Amino acid sequence: MENTARITEKRTATAWKKPVSYNLQKKTRPTEAIIQAFLLFCGVVSILTTLGIVLELGKEAWLFFGDPEISVISFLTGTEWQPKIGKFGVLPLLNSTLITSVIAIVVALPLGIATAMFLSEYASPKMRSILKPILEVLAGVPTVVYGYFALTFMTPLLRGIFGSQNVDVYNMASAGLVMGIMILPLISSMSEDALSAVPRSLREAAYGLGATRLETALQVVLPAALSGIIAAFIIGVSRAVGETMIVAIAAGSGPNFTFNPFNAAETMTGYIARISGGDLSYNTPDYNSIFAIGLLLFLITFGLNILSRAISRRFREVYE
Amino acid sequence: MNPMKPKTFGSNQEMQDAEKNFLYRRHQRARLAQSVFQLTTLLAVIFLATLLVTVVNKSMGYVVVENKVNPATLSDRPLSELNNTELAQILRENLRKNRVRTLERTGFLEDQSQSTLVQLVEAEIIQPEVVESYNLFPSLINRSKIKADAAVSYPNAKVEFRYWLNGVFLINSMASQPELAGVRSALLGSLQLILITILTAFPIGVGAAIYLEEYASHKSRINRLIQTNIDNLAGVPSIVYGILGLALFVRALQPFTSGALFGVDGQNGRTILSAGLTMALLILPILIINAQEAIRSVPDSLRQASYGLGATRWQTIWHHVLPGAMPGILTGTILAISRAIGETAPLIVVGASTFITSDPTGPFSSFTALPIQIYNWTTRPQPAFQHIAAAAILVLLIALLSLNAVAILLRNRFAKRV
């Protein structure tokens, strides 16, 4: 339309004196701007969530430590957690969190890496298409179901093997073992991603030199994927530390400073779940203490996540 | 380091033998390792199978039921054949006056439906009690022994095979007796909770994903911050979200979440709304990451063609990018929701009640949810509660599996079109 108009204008002599002006400036479109602002807001919600977590946890934890009887140092180094008599030492809770997590990792790491190795280096495509959904289902089972499994299957099993006089009804070993099963799919899928990211050419070069499949996998592929596997390991630890339902159901309630995995001992998450599950009145030391422990938990897991990301970025082998 | 380090050998023959031997050992080691890897992978399958078998094993089996009052003494016909007046009369004859008055608070006994009256007679008078219960496998193997034992220890009791997951279990609400308890209010609570979660998390999550993929330049510092932050939030333990929900939604926003702002008579902020919003925050990072991947997979040529025709950015996104990415976004959303359905810890902290016998009435009512009910039943000492916990787990797992099946179907359909 406009082109033909211009052509006809050109023909008439007057058109040169009065050229049609075209507005080539960017048009302002208010709806576009509004939409973009809304989308930016959606993105910022995640930052607000983090800020919310830090501020709320920090605020209530501040109230908790504001109590003259409680200092940060006695909180972090005290070996007794008895709110009734004003003893708030987090070590018993932290200790059992660590014990259950270590048991879980001892189960999940070797199994997870071996599974990843099998899936990425050995399994045929058909086998992978069967095994991967099974692992996904295992990863999708709600943790409360794992807790049930720990209490009704693992605990009787452990009591049967080691004798019921040695193993408490609620114990850290049972919770830790089942937690290992829970994080196994996480570690195996992350490790498998890392292993399959190693280019084919590396494997073929190793085969070409006469290496067996095992030698290729262990001496060529594994070192190349190591950063990803370490990242998977750290994420696994972080998941184990933050896991709540399994320990709340199977590890027992009541803080207990013990290194025997067959004893009952409450973890940090178990404590939060138990205290907040009861009738909770605001602004009591009990209420504030779950924020202090929550803050500690958040700092540990957030730190581990950042570490894992940093490792996988810093030490990633880049090919091609 | 180098396994093929040359050695000095006496003769050619000896050297060949040694080499063969060496090769043989290497291959043997490789074969051994392969079977070890295979076995460990099989272990994962065994774990899953054991878990399912444990749950199924607990969810059915023989029970020995003893009635407090023999139904034959109440009437010479079966209860289900009696009409309302007869049932009401039985209730009046056998219950104390106070109890009848309590029951009649909402209306005369005669006016209630026949099935409610039968239930009342069972719950109030007959009071069947499971005195002994067996798992599935013992029930199948030692059938005759169980029956003989029951006849000796409980002469008045009846032995029956019970599927703990049955119609009554789905229809009944929570009750203090495991035989009468059901998941109705928990199921409804879970549904309403998830509805609120979807309504909040879906628009915000997809919006954030669109912003990060289509608008944000990857160099700008704030956008990098948002991206890193989302990745890190995905790893924060769920119970921490619960604490955030407790402080923010339950306490700070109490006028809003209890419904006081809308003229609803809510007592506190421990409502479905608070729990739904907490859950929305929890699944938001997962949802955003999945949606980002879906949007990224839409080919750039589509966008360029759209811009080339003079479409604005939003027109391009709305008409071309989103339709292409939708199946992927939906799949990701379903996976995020199935996480939310099974999540228990934040609900405990936000304050789900464990004993609620009525259906939730809306976003401002107190509530219970399926995983909370499972947790509550699991931690009770009576064995019968373990059985109904198993039944509730089956309900939860069936719901999750069907959701995942929908996700897989969507994924396959999407894969075919591209």
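**Entry 1: burial in α3 of chain B**

I take buried to mean under 20% relative accessible area. The model I am reading is predicted. I looked up helix α3 of chain B, residues 84–94. Which residues of this helix are buried? I noted B:Leu87, B:Ala88, B:Ile90 and B:Leu91. They cover an arc of only 155° around the axis, so they sit on the same side of α3(B). I then looked up what this side packs against. The buried residues of α3(B) pack against three helices of chain B: α2 (71–74), α4 (97–103) and α5 (114–126).

**Entry 2: salt bridges, overall count**

I searched the whole structure for salt bridges and got 16 over all chains. Side chains of opposite charge can pair when their charged atoms come close. In chain A, I noted a network of salt bridges that links A:Arg128, A:Lys132 and A:Glu192. I then turned to pairs in chain B.

**Entry 3: B:Lys145 and B:Asp149**

I found a salt bridge between the side chains of B:Lys145 and B:Asp149, at 3.4 Å from N to O. How far apart are the two along helix α7 of chain B? They are four residues apart in α7 (residues 143–153), which means a separation of about one helical turn. I checked accessibility too. B:Lys145 is exposed, at 52% relative accessible area. B:Asp149 comes out as partly exposed, at 33%.

**Entry 4: B:Asp300 and B:Arg303**

I looked up B:Asp300 next. B:Asp300 forms a salt bridge with B:Arg303, and their closest N and O atoms are 2.8 Å apart. Both residues belong to helix α14 of chain B (residues 300–308). They are three residues apart there, about one turn of the helix. Is B:Arg303 buried or exposed? I have it as buried, with a relative accessible area of 9%. Its partner B:Asp300 counts as partly exposed, at 46% relative accessibility.

**Entry 5: B:Glu213 and B:Arg296**

My last pair spans two helices. The side chains of B:Glu213 and B:Arg296 meet in a salt bridge, 3.3 Å from N to O. Where do the partners lie? I placed B:Glu213 in helix α9 (residues 184–215) of chain B and B:Arg296 in helix α13 (residues 272–296) of chain B. The pair therefore ties together parts that are 83 residues apart in sequence. I also logged the accessibility of B:Glu213. Its relative accessible area is 17%. With the cut-off for burial at under 20%, B:Glu213 is therefore buried.

Notes
Residues are numbered from 1 along each chain as its sequence is written. Chains are lettered from A and ligands numbered from 1 in the order in which they are written. This is a predicted model: local features need pLDDT of at least 70, side-chain atom pairs count only at pLDDT 80 or more; totals for chains, interfaces and linings use all residues. Side-chain values use heavy atoms; hydrogens and water are left out. A salt bridge is a side-chain nitrogen of Lys or Arg within 4 Å of a carboxyl oxygen of Asp or Glu. Buried means under 20% relative accessible area, exposed over 50%, partly exposed in between (1.4 Å probe, protein chains only). The arc is that of the directions from the helix axis to the C-beta atoms. Contact means heavy atoms within 4.5 Å.
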